[in-house]
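Got the viewer up? Here's a walk through the model, one selection at a time.

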Amino acid sequence: MTMMTTITRPVSPPGAARASLEVARRVLRKYMRTPGLSVMGVVQSALFLFCFRYVFGGAIHAGTGSYVDYLVPSYVATIVLFTGGGIAVAVAEDRAMGFTDRLLSLPLPRSSIVLGRTLADSATNAWSILATAALGFLFGFRLSGSVLDGLAALGLCLLYGVVFTLVFIVMGLFAASVQAAQGLSLIAFVFAFISSAYVPAGSRPGWLQPFAKYQPITPMVNAVRALIAGSGSDLTVALAWSAALLAVAAPVAVIRYRRA
Amino acid sequence: MSAASGGAPLLEARGLTVRFGKVTALDGLDLVAPSGQVLAILGPNGAGKTTFVRTVATLLRPASGELRVRGSDVARDPVSVRRDIGLAGQSAAVEPAMTGRENLEMTARLFGQPPRAARRAAAAVIEQLDLGEVADRRCGTYSGGQRRRLDLGASLVGAPRLLLLDEPTTGLDPAGRREVWEAVRGLRALGTDVLLTTHYLDEADELADHVVVIDHGRCIAAGTLGQLKASVGHDVIEVTVSDPARLEQAGQILRSVTCRPAGLDPGGRRASVPAAGGAGQLAAVIRGLDESAIGVDEIGLRRPTLDEAFLALTGDHSDIPAGAGPSYSGSSR
């Protein structure tokens, strides 16, 4: 019974950096130890890519080049819209099971809760992006420009990974339940499918074209394609959308976490 | 730095009001609780117990009024409060994909423990709460009681001065409840203050030194267990009649002597009433029963139970007279 006396009180609360890394470490441990998250994400990604490439691909006419070269860059750019639902669900689960309350009752800086999760989930998104890019090459994709252009395009995809991590965190924070978080994250599917990611935007009926043209995903995937071809077209718009999404989602996440 | 000093009360609430939109969960709550105690917050569902604990834990901000925890104001100095408290909620807030030890070490580091101290704190809690056998297994495999004990342990690794337990045994089987009770008693013996909410009155009876009853967001009674029981209207006269058909009549006699409506329990053939006049009234009741020739199996004067105190105070049960407790000024029925 006297064991308790050996616990000394901490001299000071943890600093922001240490606390963020600790929060991130737990998210990563959960991800890596839950095959449903780390392995199934890649399996799902492979299945979708397979379907687009070999099932629908033959019926889609995407300009002059081959469909695989049209599809893979945008598929890699948007993969986080499919895997990101897991982030929203995890955030909602933490709230439902009291884990978030525990974090909020501890003396760590509250910004570390968001920062730690963003770090960890940006890393898991990076893993999805890299794995999907590798699958793309396996399914026949080849770079049309230089390797450097390809790396620039990959870097832009990784930036999107960070942006959408925060967007999905916000969804998880606003969802009333875990199931609602799952449902809410389907909104991302709408944006992904009604963009130029898998089918050229011009192939849609007229009433749908303004949405396809002016929503963020279209310039974001166009910029990735352009970078691979060695062009900077759409890059400014894509970066502006990324900055805007971050500028809204990051403060909303920090403020909303306090009331989680 | 922590403003907590030896002289400050454990909790001090003045006109504490917490709202969720239009709903007022705490409505001008006043409360002073001394240090060195296990304090139990009792109240019917929806009374504001959990809201109160969450406000103490700095998870909710008061709309008005103030709340000090060991002298630190929850709104102005929440970090000092967070350094002083450990929270274990209604659900077991542990990461199922991590082992018990990993969970404890993580929480210790988030309290601010350096790595070596975090490992020591985790080991000490594992020993204290008897989790040695399962400490290196993932929590996803734990039983309900084990998981709740681990959650309790996680709130201890920062050596908090005040432990907050929100319905710590809800949903546990009797063995699991006993495990948690033992752990709480051990902590009190070591000098940790404990604030717990419960809707099990036996739990308060087992653990608490000091009890606060809240209803409709206000404190309606506070005191030691003995004081609370006494506040219901002194002792209770209880009669068990031989013939259930005469129970109603026995109740009338109790009423005529004490001027209070009697509580009737037809199944147990029992009638009871608070008796401010004590033994003198008991004698009058016996005479009355004798005159009406009502056969009696058992009759006596006893201390009220915590259940009676609670029901009288919260007015949840019309059979039991609303008590004239000294600190009670709410609505009786």
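Colour chain A by pLDDT, the predictor's confidence in each residue, from 0 to 100. Among the elements of chain A, helix α7 (residues 147–174) has the highest mean pLDDT, 97, and helix α10 (residues 209–214) the lowest, 87. Elements here are DSSP runs numbered from the N terminus: helices are H or I with at least four residues, strands are E with at least two. Chain A as a whole averages 92, and 97% of its residues score at least 70.

Some housekeeping: this is a predicted model, so local features need pLDDT of at least 70 and side-chain atom pairs count only at pLDDT 80 or more, while totals for chains, interfaces and linings use all residues. Residues are numbered from 1 along each chain as its sequence is written, and chains are lettered from A and ligands numbered from 1 in the order in which they are written.

Still in chain A, select α6 (residues 111–138). This helix has 28 residues and reaches 40 Å from its first C-alpha to its last, close to the 40 Å expected at 1.5 Å a residue (the expected span being 1.5 Å times one less than the number of residues). After α6(A) comes A:G140, with a positive phi near 110°.

Now show both chains and look at where they touch. The contact takes 29 residues from chain A and 32 from chain B, counting two residues as in contact if their C-beta atoms, placed from the backbone, lie within 7 Å. On the chain A side, α1 (16–33) and α5 (99–105) are the elements that give two or more residues. The largest share, six residues, comes from α1(A).

Hide chain A and turn to chain B. An automatic or database domain assignment divides chain B into domain 1 (11–228) and domain 2 (234–303). Their C-alpha centres lie 42 Å apart.

Next stop, an open sheet in chain B: four strands in the order β2-β1-β4-β5, with antiparallel pairing. (Strands pair if DSSP finds at least two bridges between them.) β2 (23–33) and β5 (72–73) of chain B sit at the edges with a single partner strand each, so one side of each has no neighbour in the sheet. Five bridges join β1 (residues 11–20) to β4 (residues 64–69) in chain B; B:T17 stands opposite B:S64 there.

Select α1(B) (49–56) and the loop that leads to β4(B). Seven of the eight residues of α1(B) are buried, meaning 20 or more other C-beta atoms within 10 Å of a residue's own (12 or fewer is exposed, in between is partly exposed; C-beta atoms are placed from the backbone). B:F52 and B:V53 are among them. In the loop, B:T58 has a positive phi near 65° without being a glycine. Most residues other than glycine have a negative phi. B:T58 is buried, with 24 other C-beta atoms within 10 Å.

For another case, try B:A159, in the loop between α5 (144–154) and β7 (162–166) of chain B. B:A159 is not a glycine, yet its phi is positive, about 50°. It counts as buried, with 22 C-beta neighbours inside 10 Å.

Last selection: β9(B) (residues 210–215). How many of its six residues are buried? Six of six. B:H210, B:V212 and B:I214 point one way, and B:V211, B:V213 and B:D215 the other. β9(B) pairs in the parallel sense with β3(B) (residues 38–42) over four bridges, and B:L39 stands opposite B:H210. With β10(B) (residues 218–224) the pairing is antiparallel over six bridges, including B:V213 with B:A221. β9(B) and β10(B) form a hairpin with two residues between them, and B:H216 in the turn has a positive phi of about 50°.
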